[in-house]
Every structure is written in structure tokens, then in C-alpha cells.
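Student: I have a structure open and would like to go through its empty spaces and its rings. Can we take it step by step?
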Amino acid sequence: MNMYEIIKKKREGNQLSKEEINYFIENYTNGNIPDYQAAALLMAIYFKKMNKKETVNLTSAMLNSGEKINLTSIEGIKVDKHSTGGVGDKTTLVLGPLVAACGLPVAKMSGRGLGHTGGTLDKLEAIEGLDINLSKDKFISNVNKIKLAVAGQTANITPADKKLYALRDVTATVDNVSLIASSIMSKKLASGSDAIVLDVKVGSGAFMKDLDSAFELAKEMVDIGKGMDKDIIAIISDMDEPLGYAIGNALEVREAIETLKGNGPKDLLELTFVLGSRLLLLGKKVKTVEEGYKLLKTAIEDGSAFIKFKEFVKAQGGNVSQINNPELLPKASKVIELRAEKSGYINEMNAEEIGRCALVLGAGRETKESQIDISAGIILNKKKYDKVTKGEIIAYLHGNNDKKLIEALNRMKCIIKITKDNKKKKKLIYGIVDKNGTVNI
Ligand code: URA
């Protein structure tokens with residue numbers, strides 16, 4: 001077998017065999033295949049696509065490239081949730097403690113932000129002292145003790161994905177259904193949970209820009225899980241505008257705290273309840289989705305979800321006084337306002353572009369190596385389709401560098417378009433895909 005023939009075969013649009021896929025993954029992971037050949041194959045896959053069989057084989061090969069976490073020493077059904085990535089998506093910060101407060105063990109492996117999308121680990125690190133590099137034993141004992149742990153993936157899980165994802169990121173080959181599905185599912189399957197709820201984002205701030213490709217990705221991932229005997233469902237949710245009002249690490253922690261206290265944005269709360277009720281159902285804590293909603297609502301109202309968040313922060317070495325008093329979280333030295341230049345309705349608010357403005361402020365990382373400014377970011381005062389009057393504040397930009405603040409402000413002015421037509425709000429949830437098929441909502 002040689003790499004030249006494999007690239008050529010895919011370039012001609014033919015199906016790669018299991019042996020060829022295994023050969024590529026094994027030899028790319030151990031350094032025998034150079035980046036330029038892997039990049040050529042990725043581009044061929046991007047244009048010629050992979051069928052279901054190839055995608056399943058690619059997922060298995062990546063899953064077997066590293067260690068698999070064994071969570072059997074955690075009692076109960078272990079659940080996990082994964083988002084395909086978005087702007088202002090702080091759902092895990094709310095959902096984790098909320099579901100754990102309902103008695104379900106949450107053993108969550110999270111990632112860092114890259115490009116315009118944020119990452120849970122970066123958000124958590126805005127809390128002073130919070131350690132996301134837990135040892136395997138500590139991770140398991142925290143879930144057994146308080147039902148919740150969130151940690152970064154160890155280097156040994158799916159090393160093939162780590163290398164390939166970095167290569168895809170710089171070769172414009174991220175947004176291919178088979179490559180995304182195998183990347184996410186190999187990591188999720190290696191992380192050892194029994195049940196997984198996937199949040200597949202669709203819209204301007206997501207990798208999947210249209211509904212058809214979002215449903216295709218969801219179906220592909222659910223099918224991979226089905227083939228490997230895992231209970232998986234996928235929710236298709238909107239990412240055409242940022243989720244909630246806050247974008248940026250410390251700012252998102254504050255919004256998550258408010259949400260756990262019952263004062264969160266409507267879209268964030270709704271999404272959390274949709275995902276949470278399905279997690280409770282998969283974890284057999286409830287018999288119906290409605291029962292799940294009730295349990296989640298009670299955990300917010302009686303304060304147990306917020307108490308769980310504080311327990312979690314303490315258990316991972318974080319400064320709980322910042323949670324009791326979010327004023328103590330890192331704050332940017334300057335805040336400037338974006339005001340409406342005319343009256344009307346905000347009919348354009350491209351989520352990816354807003355994520356890129358947050359990047360300009362330093363809230364995210366352009367490359368794996370870049371440093372992030374945990375205090376920087378954006379607080380929206382208006383959401384898509386909201387009415388505004390001339391001079392009203394649309395957003396607050398938080399930053400520590402005048403030049404970057406002005407650049408981000410000028411970009412925001414171009415992104416947000418105010419027109420006269422009063423359009424209807426779009427949906428937040430478009431559908432659910434499970435092992436029995438697809439339900440459009
Ligand atoms: N998230 C992942 O983990 N992998 C992808 O390919 C895309 C989003």
C-alpha cells in the first residue's frame with residue numbers, strides 16, 4: 001500500500017477500503033506520512049466525499065489511534081454533550097451543573113476554542129485557579145463525589161484527530177460532513193460515556209451553514225453511534241446569531257452564572273432545557289421529556305443547580321468567591337459602545353463575523369499558539385430582528401487595547417445591518433435526529 005495510490009484513488013472518486021483508511025491513519029499519526037500527502041488526501045475527500053462505510057471506518061481508525069477512557073468505575077449511566085461549535089455557546093457551563101444537580105453523572109471532556117468559535121476550557125479558565133488538567137483518577141473521583149467533572153482531553157485520546165484537525169484547520173478542509181462526523185465521534189466514543197446528546201449548530205456562525213448539511217451531519221453521527229452501540233441523539237439548533245448576549249470568556253462565565261440563578265437569556269435557557277431533558281431521558285432519570293423539563297426547572301428555581309456549579313468550581317480548585325460575586329471575575333480596562341446609526345430592525349448579525357470581532361479584541365485564538373485575553377469580548381444589547389432607535393446601544397465592546405477596540409467597533413458597524421422590515425424571529429431548534437429517524441420541529 002502506498003499513499004500516492006490512496007490519494008489518486010480518492011481523487012478519482014473511488015471508495016477507500018478499511019485497510020487503506022487504517023494505513024493512512026496509523027502512518028500519519030506516527031509521522032511516516034508527511035503533512036503534504038495528508039493534506040492532498042483531505043482535499044480529495046473534501047471534493048469527492050466519503051460514503052457511510054468509509055466514514056465509519058475513518059471513525060474507528062481514529063478512535064483506535066489512542067487511549068480509550070474507561071468510566072465503568074463511575075456509578076450510573078454517564079452522559080455527555082457535544083456542540084459542533086458556535087459563538088457565545090456557554091451551554092456546557094449551565095447544562096453540566098444543572099443535569100448533575102438532577103442526579104445524573106456528567107463526565108465531560110471539552111475542547112478549546114479555535115477560530116471564531118469559543119471553547120469550554122478557555123471559558124472555565126477565566127475562573128481563577130480552576131484546573132482543567134485533571135488526572136484520570138481525580139476526574140473519576142470528582143464525578144463519583146459531586147456528579148460533575150470537566151477536563152481537557154489527554155494527549156493520548158485520538159492523537160490522529162488532534163493532528164488531522166490542526167491540518168484541516170489550515171488547509172480549508174474542516175467543513176466536510178465525513179471529516180467532522182469522524183472527528184467528533186472518535187473523540188466522543190473514546191471518552192467513555194454511555195449516552196451522548198449532540199448539539200449540531202446551523203447558520204452563519206456554524207460549520208454547517210444550511211439545514212440540509214446540518215441534518216446530514218447529525219444523521220451521520222447518530223448512525224456511527226448506532227453502529228457502535230451508543231445511545232446518541234442530535235439536536236439541530238440555530239447558530240445564525242450568537243447564543244445569549246455574551247461573547248468572550250469571563251463575560252460568558254458571568255452569563256452562565258446568571259442563567260443558573262434563573263436570570264439567563266431566553267435562547268440559552270431554552271437550548272439548555274432541550275438538551276438537558278434529553279440527557280435525563282437517556283440517563284433514565286425521567287420517563288418523558290416533559291418530566292425532564294420539570295426536574296430542570298426545579299433545579300434552577302430551588303438553587304441546587306447554582307450550588308452544584310459552586311461545588312464543581314471548588315472541586316477543580318477554582319475561586320468560588322468569583323462565582324458568589326461575579327464582579328470579581330477578570331474585567332477589561334475599557335468598555336466602548338456601538339450605537340445604532342438609524343432606527344429600524346436589526347436584520348443582519350452574522351454570528352461568524354461577530355465571533356471574529358471578539359477575536360480582534362483578543363477573546364479567542366487565531367492559531368493554537370495564540371494567547372487569549374480572558375476579560376475581552378462583546379456584550380450584545382440587541383439580538384437579531386430586535387427593534388432599535390437611532391442612538392440606542394446595540395453592543396458593548398470590552399477590551400484592553402485601544403487600537404483593537406476601534407478596529408472591532410468599525411467591523412461591528414459593517415456587520416450589523418438595520419433595515420425597515422420587521423421580520424419574524426427564526427427558530428432556535430430545527431429538529432431532532434435519533435436512532436429511529438428524524439423529527440423536524
Ligand atoms: N469539532 C470537532 O471536534 N471536529 C470537527 O471536525 C469540527 C468541530
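Tutor: Start with the largest cavity, and keep in mind that this is a predicted model. The lining of that cavity is made of 21 residues, and those nearest its centre are His 116, Thr 117, Gly 118, Ala 363 and Gly 364.

Student: Which elements give two or more residues to that lining?
Tutor: Helix 6, helix 11 (249-260) and helix 16 (351-361) do. Helix 16 has the largest share, three residues.

Student: And what volume does the largest cavity have?
Tutor: About 150 Å³.

Student: What classes of residue line the largest cavity?
Tutor: Eleven are polar, six are nonpolar and four are charged.

Student: Where does the largest cavity lie with respect to the domains?
Tutor: Residues from domain 2 (79-325 + 429-440) and from domain 3 (331-419) both line the largest cavity, so it lies between these two domains.

Student: What are the domains of the chain, then?
Tutor: The assignment gives domain 1 (3-63), domain 2 (79-325 + 429-440) and domain 3 (331-419). Note that domain 2 is written as two segments.

Student: How far apart are the centres of domain 1 and domain 3?
Tutor: 40 Å, taken over C-alpha atoms.

Student: Back to cavities. How many are there of 30 Å³ or more?
Tutor: Five. The second largest cavity has a volume of about 60 Å³.

Student: What lines the second largest cavity?
Tutor: Among the lining residues are Val 79, Asp 80, Lys 81, Thr 92, Leu 95 and Leu 279. Strand 1, helix 5 and strand 2 each give two or more residues, and helix 5 gives the most, with four.

Student: And by class?
Tutor: The lining of the second largest cavity has five nonpolar, three charged and two polar residues.

Student: OK, pockets now. How much space is in the largest pocket?
Tutor: About 1,000 Å³. Its lining counts 41 residues, and Ser 110, Gly 111, Arg 112, Gly 113 and Lys 187 lie nearest the centre.

Student: Which elements should I look at around the largest pocket?
Tutor: Those giving two or more residues are strand 1 (79-83), helix 5 (91-101), strand 2 (106-110), helix 6 (120-124), helix 8 (159-170) and helix 9 (177-190). Helix 9 gives the most, five residues.

Student: How does the lining of the largest pocket split by class?
Tutor: It has 19 polar, twelve charged and ten nonpolar residues.

Student: What about the second largest pocket?
Tutor: The volume of the second largest pocket is about 380 Å³. It is lined by 18 residues, and the closest to its centre are Glu 241, Asp 267, Lys 425, Lys 426 and Leu 428. Helix 12 gives the most to this lining, with three residues.

Student: How many charged residues are in the lining of the second largest pocket?
Tutor: Twelve, along with six nonpolar residues and no polar ones.

Student: Why is the second largest pocket said to lie between domains?
Tutor: Because domain 2 (79-325 + 429-440) and domain 3 (331-419) both give residues to its lining.

Student: Changing topic: how many aromatic pairs are there?
Tutor: A search of the whole structure finds four. In one of them, the ring centres of Tyr 46 and Phe 47 are 5.4 Å apart and the planes stand at 85°, so this pair is edge-to-face.

Student: Why does 85° make it edge-to-face?
Tutor: Because planes over 60 degrees apart count as edge-to-face.

Student: Are Tyr 46 and Phe 47 buried or exposed?
Tutor: Tyr 46 is partly exposed, at 24% relative accessible area. Phe 47 counts as exposed, at 60%.

Student: Which other pair can I look at?
Tutor: Phe 273 and Tyr 293, which are also edge-to-face, with 5.8 Å centre to centre and 80° between the planes. This pair links distant parts of the chain, 20 residues apart: Phe 273 is in helix 12 (residues 266-282) and Tyr 293 in helix 13 (residues 289-301).

Student: Is Phe 273 buried or exposed?
Tutor: Phe 273 is buried, at 10% relative accessibility. Its partner Tyr 293 is partly exposed, at 30%.

Student: Last one. Which lysines lie over rings?
Tutor: Lys 187 lies over the face of Tyr 165, 5.7 Å from the ring centre. Lys 383 has its charged end over the ring of Tyr 245, 5.5 Å from the centre. You have met Lys 187 already, among the residues nearest the centre of the largest pocket.

Terms used:
Residues are numbered from 1 along each chain as its sequence is written. This is a predicted model: local features need pLDDT of at least 70, side-chain atom pairs count only at pLDDT 80 or more; totals for chains, interfaces and linings use all residues. Side-chain values use heavy atoms; hydrogens and water are left out. Rings of Phe, Tyr and Trp (its six-membered ring) pair if their centres lie within 6.5 Å; planes under 30 degrees apart count as stacked, over 60 as edge-to-face and the rest as tilted. Buried means under 20% relative accessible area, exposed over 50%, partly exposed in between (1.4 Å probe, protein chains only). A charge sits over a ring if NZ of Lys or CZ of Arg is within 6 Å of the ring centre and within 35 degrees of the ring normal. On a 1 Å grid over the protein atoms alone, a cavity is a set of points where a 1.4 Å probe fits but cannot get out, and a pocket is an open set with protein on both sides within 12 Å along at least five of seven lines; lining residues have an atom within 4 Å of a point. Grid points are joined across faces, edges and corners, and a volume is the space filled by probe spheres set on the points. Ala, Val, Leu, Ile, Met, Phe, Trp, Tyr, Cys and Pro count as nonpolar, Asp, Glu, Lys and Arg as charged, and the others, Gly among them, as polar. Domain bounds come from an automatic or database domain assignment.
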